[in-house]
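Please open the model in your viewer and keep the selection tool at hand. The stops below are meant to be taken in order.

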Amino acid sequence: MSSTSSSSSSSTSTPYDPVGADIPGPSTRRAGQFEGPSSSRQRAMYEVLPEPFLEALATQVAVDAANYNGRVAAASALATLFQVCSTWREVSRSDLLWERLTRRIWRRTYRLRATWQLEFIYWHRTARNFATGRHSFFMPQFDPSEQQGLMCRCLTLSDTHLACGFVDGTVRLFDLETRAHVSTYLSQHGELLGPFSHSVSGIVIINSVIIFARLDGDVYVDSINNGPGPSHARRAVVGDVVNNGVLVGLAGIGLSDTGRGQRGVRVRGWWVGLFAGIAGQAFQIWDAYSWERVFLGGSLTDAEAVNGWHMLTELMPPVGRVRVTEREFVVACTATRLVCFNLRSPEVLLRDVGPATQFVVSSLDASPEAFVVVETSGVCTVRRASTYERLSRFRLRRASWLRGLLGCMNLGYVLTYSPAPAPPLRVWDIEPRPEPLCVTLAVRGGDGNSMVASERHVAISRDDNSIDLLDFGVQDP
């Protein structure tokens with residue numbers, strides 16, 4: 001099932017516009033902020049500068065524009081720069097430059113299109129689609145031979161797949177290009193400590209390896225490339241609810257050298273489990289390669305111990321949530337407390353906020369660079385995890401938007417979903433703006449269980465056992 005929604009407009013481009021027609025011109029920049037060089041008096045100087053210097057300057061122009069006005073503004077600054085003279089237009093044809101720009105601005109480390117310039121254009125236009133609301137809508141369909149009617153409690157997106165975790169301990173994997181259900185991962189039955197003790201509470205995808213956890217503390221790993229049909233995932237961590245508590249959330253990250261030294265389903269990185277039920281044991285950290293636990297401790301969930309145990313027997317929202325950013329910083333929260341720490345020294349809390357501030361647990365999410373959380377007062381704040389620097393803050397306008405609120409983010413936008421009032425999905429710019437709300441989208445309403453976003457897709461699971469997939473990507477010619 002699919003449909004397409006669009007609220008964007010098109011215009012003509014200049015002959016030397018290297019990044020397409022949908023890029024705002026210089027006049028859209030705010031006064032007092034960055035502008036790329038355009039004076040005719042600079043042209044003679046540019047024409048004698050060596051090409052590597054010009055490429056480095058163009059990169060800095062784009063990065064500065066992105067830092068001042070957001071990533072989409074980088075293209076506008078480049079378009080102005082490349083029209084200065086013929087020398088700059090020649091520089092604009094350098095694929096090495098576009099590779100550097102794509103890595104710095106859009107954080108893409110591999111190319112899927114014919115050139116790096118086309119790769120840059122693709123992610124620029126996809127980011128604009130989030131701001132304008134242009135997307136396609138799909139409802140992933142399960143293999144008819146498998147059990148239907150199960151509730152999805154957990155979602156994770158990679159560049160290529162959507163992973164959905166269910167209350168029976170299974171994870172179903174969908175291909176994002178074909179939208180086909182390509183695999184089902186089964187966990188061991190084990191002892192049933194409550195009707196929901198096998199419910200999937202967290203999923204991590206690192207390269208071609210999928211890791212998922214259950215409320216009873218079991219952690220499983222498998223390969224994404226197993227092929228069609230059910231796969232019995234390998235249990236990497238044996239849960240011990242009595243001594244460890246309930247595993248209410250799982251996050252993880254691969255190291256920069258993940259592609260080297262990989263053996264089967266073992267990759268270099270970390271898994272972080274958030275537990276509730278036993279005082280002083282909120283966090284467990286495992287080495288993703290050896291599967292050995294390297295840290296146990298933390299008091300974040302001590303006040304939520306009773307609610308943590310109730311998650312085994314009652315279908316209730318998570319009592320806490322944990323996320324990991326690219327620089328190995330961890331951010332986690334409960335309704336009354338938020339903490340940040342580095343994976344290299346988890347015993348040292350870099351930030352510890354609460355209990356004066358109350359948080360909406362289901363709103364916490366992180367991108368590679370920052371995290372977002374909504375307070376019960378309706379204030380939404382985006383901060384850098386490494387420094388706790390505030391990047392932006394805005395207020396959800398109505399108290400009703402907080403009921404059943406789900407939140408997620410990518411590099412440029414925060415997305416919030418509220419069951420009522422319609423339209424329930426809202427896209428917010430993470431850059432400081434007089435009007436941060438970009439667009440509201442009239443997706444299907446109803447209570448949601450989980451929501452996740454990537455740089456291209458957004459997925460929402462609902463109480464009616466359905467899953468919505470929104471694709472903001474640009475269709476390649």
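The tour goes from a sheet to a helix and then to two single residues.

Before selecting anything, note that this is a predicted model, in which local features need pLDDT of at least 70 and side-chain atom pairs count only at pLDDT 80 or more, while totals for chains, interfaces and linings use all residues. Residues are numbered from 1 along each chain as its sequence is written, and side-chain values use heavy atoms, with hydrogens and water left out.

Select first the open sheet of 4 strands, whose order is E24-E25-E26-E27 with antiparallel pairing; strands are DSSP runs of E with at least two residues, helices are runs of H or I with at least four, and both are numbered from the N terminus, while two strands pair if DSSP finds at least two bridges between them. Its edges are strand E24 (406–409) and strand E27 (437–441), each of which pairs on one side only. Neighbouring strands of this sheet are turned by 20° against each other on average, direction ignored, where axes are lines fitted to C-alpha atoms (for helices over the stretch in contact) and angles run from 0 to 180 degrees between N-to-C directions.

Move next to E24 and E25, which form a hairpin with 3 residues between them and pair in the antiparallel sense over 4 bridges; here Gly407 has Thr416 in E25 as its bridge partner. Both faces of E24 are covered, with Leu406 and Cys408 buried on one side and Gly407 and Met409 buried on the other; buried means under 20% relative accessible area, exposed over 50%, and partly exposed in between, with a 1.4 Å probe and protein chains only.

From strand E25 (residues 413–417), step across to strand E26 (residues 425–429), which is joined to E25 by 5 bridges and runs antiparallel to it, with Tyr417 opposite Leu425 in E26. Now add helix H6 (residues 116–132), which lies across E25, E26 and E27 and runs at about 40° to E25.

Helix H3 (residues 73–81) is the next selection, with 9 of its 9 residues buried.

Then select Thr381 in strand E22 (residues 379–384), which is buried, with a relative accessible area of 4%. A polar contact of 3.1 Å joins its side chain to that of Arg393, a polar contact being a pair of N or O atoms within 3.5 Å; within protein, one must be able to donate a hydrogen and the other to accept it, and residues adjacent in sequence count only if both atoms are side-chain atoms.

End at Gln281, in the loop between strand E13 (269–276) and strand E14 (283–287), where the residue is buried at a relative accessible area of 18%.

How values were computed: Contact = heavy atoms within 4.5 Å.
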